[in-house]
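I sat down with this one over coffee to see what I could look up. Here are my notes, in the order I took them.

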Amino acid sequence: MPDNDAIHSFDEKRRARARVVRQWSVTDFHRQLEQAGISRACVLFENGEFTLSHPQILAPVQAFFELSQDFSNHEGVFIGREDGIPTLFFAFVH
């Protein structure tokens, strides 16, 4: 039988991580990727499991997706940036 306190604690931590993403602007996210030297990143979802190319930055994004009904049926989100271009590129695969 699951420990309700442990489940509640896990859910609260996940909600807190998801709130972090909701506070990011695209510029904030771009800056984080740039500072980490990341040009390409992805969040993959297969067989009920997430795989993150860069967990140190994408863990809050995973939490956001886990709590988002809009993410259902996605197989992956691919993120890219180019030096000197102040925008991010996204590809969403269903």
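I began at Gly-37, just after α2, and found a positive phi of about 75° there. A reminder to myself: this is a predicted model.

Next I went back into helix α2, residues 26–35, and asked which of its residues are buried. I noted Phe-29, His-30 and Leu-33. Looking down the axis of α2, I saw these buried residues fall within an arc of 100°, so they line one face of the helix. That fits what I remember: an α-helix has 3.6 residues a turn, so residues three or four places apart point the same way.

What covers the buried residues of α2? I listed α3 (55–66), β3 (76–80) and β4 (89–93) among the elements that do.

Then I turned to the largest nonpolar core, which has 17 residues. Phe-29 and Leu-33 are among those with the most contacts inside it, along with Val-43, Leu-58, Val-61, Phe-65 and Ile-79. I found that α2, β1 (40–46), β2 (49–52), α3 and β3 each supply at least two residues of this core. The largest share, four residues, comes from α3.

I picked Ile-79 for a closer look at its neighbours. Leaving out residues up to four places away in sequence, Ile-79 touches Phe-29, Leu-33 and Leu-58, and its other contacts include Ala-41, Leu-88 and Phe-90.

My last stop was Arg-14, in helix α1 (residues 4–23). Is Arg-14 buried or exposed? I logged Arg-14 as buried, because its relative accessible area is 17%, under the 20% cut-off. Its side chain makes a polar contact with the side chain of Asp-11 at 2.8 Å. Farther along the sequence, Arg-14 touches Ala-63, Glu-66 and Leu-67.

Definitions and conventions:
Residues numbered from 1 in each chain as written. Predicted model: local features only at pLDDT ≥ 70, side-chain atom pairs only at ≥ 80, totals over all residues. Heavy atoms only, no water. Buried < 20%, exposed > 50% of the residue type's maximum accessible area, 1.4 Å probe, protein only. Polar contact = N/O pair within 3.5 Å; in protein donor to acceptor, adjacent residues only side chain to side chain. Contact = heavy atoms within 4.5 Å. Arc of directions from axis to C-beta. Core = buried A, V, L, I, M, F, W, Y, C linked by side-chain atoms within 4.5 Å.
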